[in-house]
Amino acid sequence: MEHITLLLAIVVVTALVFDFTNGFHDTANAMATTISTGAMKPKTAVAMSAVLNLIGAFLSVEVAKTISGGIVNEDGIRTEVIFAALVGAILWNLLTWLLGLPSSSSHALFGGLIGAAVMSAGWSSINGGTVVTKVLLPAIAAPLVAGIAAMLATRLTYRINRNVTDPNQLKSTAKGYRAGQIASAGLVSLAHGTNDAQKTMGIITLALVTSGVLAPGSNPPMWVIVSAGVAIALGTYLGGWRIIRTMGKGLTDLQPPQGFAAQTSAATVILASSHLGFSLSTTQSCSGAVMGSGLGRKGGVVRWSTATRMFVAWGLTLPAAGLVGAGAEFLTKQGPWGVAVTAVILVGGSFAIWLASRRQPVDHTNVNDTDGSDEPQGVVTTAIAAVQPPPVGGPASDLTTTIPAPASAPDDPARPPAKV
């Protein structure tokens, strides 16, 4: 600790700020379905998630190793590069939070790190193989695997209970699924702390290595693990209510069995990836699982207009955060005044986004005050509705004609006489 300079201290604090934004940005991953189905009260849900996030931060350091010694080459990377990367990640996180889009905080961090490293030392500073195998491929596979698993689990759940008709049994089953949903939400929170808190641990460890405080390849020190866990837990407790609304109500209408299936599938994927050292996006895993559960219930729908905006945000995250990170690194290369200007941009941009969010505030009191019906249907839903056959049955008795028949005019020479 005695070797930490002012710049390194600024980087550590900025990393913890990113961890905080990661917490409130990704609270929806664990608790959106639990809150939207009414299984838990909003404030109780985020409090439980925060505690489990903190516990999860102590379970593994494999993902932290991937970030601190895998994505970029530690040789030649300056501490300013880490600061610039965090600026790109934080601003993108806040912008997508303002828009209510569940984008990936992980990819925002990776994009900022890659953009800043390339601006500082060129493309040779990036380990392309690690980026492909442990970032890009999991980004494609995770939502697909979680979505398919959630869809199959949802179908199986409804199939098992298809013959339950007794009202008391139905009520008891609903309570059971709500309890299971709470347990699975806790598992997702634990997985989120295990996977996402490690990303901040990794970035702080990388900063310590580039400053000569730690040797290359070192594990995160205990104070790094504790501070990262506390920061993400505090952010989680604050609650990213805008994104919770999108995932809980904007993507599909969830019932307790669907919520249970979605969260269990997502937690399994996240925990498995953390064990393997894959720096997975918990946002993409949970969003894929929510969509899969929506498709798995007979009569369920996915609001593809919301999903499309979310997919676009996913695709833009890496390059957008990378461009901001590269621009921030261009400034920090100019010396102390460049670092100061970058810090001012970060603080000013964050404050401007916060002010914009106050125009239409979303919190625990109104997070469920929408049923998603204000969302446009989108191309897929419209197409399905267009080809759906009309209902079978006799004509309704209360239907009336909308175009009146023409009046009889026998003396009209243009009208042919009626046949007898």
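Which residues have the most contacts inside the largest nonpolar core? Keep that one in mind while you look at the structure, and I'll come to it in a minute.

First, a word on what we're looking at. This is a predicted model, and the protein chain averages a pLDDT of 76, with 78% of the residues scoring at least 70. Confidence is highest in helix H13, residues 336-357, at a mean of 91. The low end is helix H14, residues 378-387, where the mean is 39. Around there, residues 372-403 have a pLDDT below 50, although this stretch still has 15 contacts in the model beyond near neighbours in sequence. Residues 408-416 are also below 50, and that stretch has one such contact. Where pLDDT is low, the predicted coordinates should not be read in detail. So let's spend our time elsewhere.

Now the overall layout. How many helices and how many strands does the protein chain have? It comes to 14 helices and zero strands, so if you read along the sequence, you just get α after α. There are 420 residues in the chain, and buried ones make up 50% of them. Here's another number I like: take contacts between residues at least 6 apart in sequence, and 87% of them join residues at least 24 apart.

A nice example of distant parts of the sequence meeting is Ser36 and Asp253. They are 217 residues apart in sequence, yet their C-alphas are 8.6 Å apart in space. Ser36 sits in helix H1, and with a relative accessible area of 11% it counts as buried, because the cut-off is under 20%.

Back to the opening question. The largest nonpolar core has 54 residues, and the ones with the most contacts inside it are Ile71, Ile82, Leu86, Leu113 and Ile203. Several helices give two or more residues to this core, including H1, H4, H5, H7 and H13. The largest share is from H4, with 13 residues. Apart from this core there's another, of 11 residues, and among them are Ala266, Ala267, Cys286 and Ala289.

Let's zoom in on H7. This helix has 44 residues and reaches 64 Å from its first C-alpha to its last, close to the 64 Å expected at 1.5 Å a residue. Is Thr205, which belongs to H7, buried or exposed? Thr205 is buried, because its relative accessibility is 0%. And what does its side chain sit beside? A polar atom of the Thr205 side chain lies 2.7 Å from the backbone oxygen of Met201. Just after H7 ends, look for Gly212, which takes a positive phi of about 85°.

Last stop: aromatic rings. A pair of aromatic rings is described by the distance of the centres and the angle of the planes. The count here comes to two aromatic pairs, and I'll show you one of them. The ring centres of Phe351 and Trp354 are 6.0 Å apart and the planes are at 25°, so the pair is stacked. Both residues are in helix H13, three residues apart, so about one helical turn separates them. An α-helix has 3.6 residues a turn, so residues three or four places apart point the same way. As for Trp354, its relative accessibility is 44%, so it counts as partly exposed.

That's my tour, thanks for listening!

Methods:
Residues are numbered from 1 along each chain as its sequence is written. This is a predicted model: local features need pLDDT of at least 70, side-chain atom pairs count only at pLDDT 80 or more; totals for chains, interfaces and linings use all residues. Side-chain values use heavy atoms; hydrogens and water are left out. pLDDT is the predictor's confidence in each residue, from 0 to 100. Helices (H or I, at least four residues) and strands (E, at least two) are DSSP runs, numbered from the N terminus. Contact means heavy atoms within 4.5 Å. A nonpolar core is a set of buried Ala, Val, Leu, Ile, Met, Phe, Trp, Tyr and Cys residues joined through side-chain atoms within 4.5 Å. Buried means under 20% relative accessible area, exposed over 50%, partly exposed in between (1.4 Å probe, protein chains only). A polar contact is a pair of N or O atoms within 3.5 Å; within protein, one must be able to donate a hydrogen and the other to accept it, and residues adjacent in sequence count only if both atoms are side-chain atoms. The expected span of a helix is 1.5 Å times one less than its number of residues. Rings of Phe, Tyr and Trp (its six-membered ring) pair if their centres lie within 6.5 Å; planes under 30 degrees apart count as stacked, over 60 as edge-to-face and the rest as tilted.
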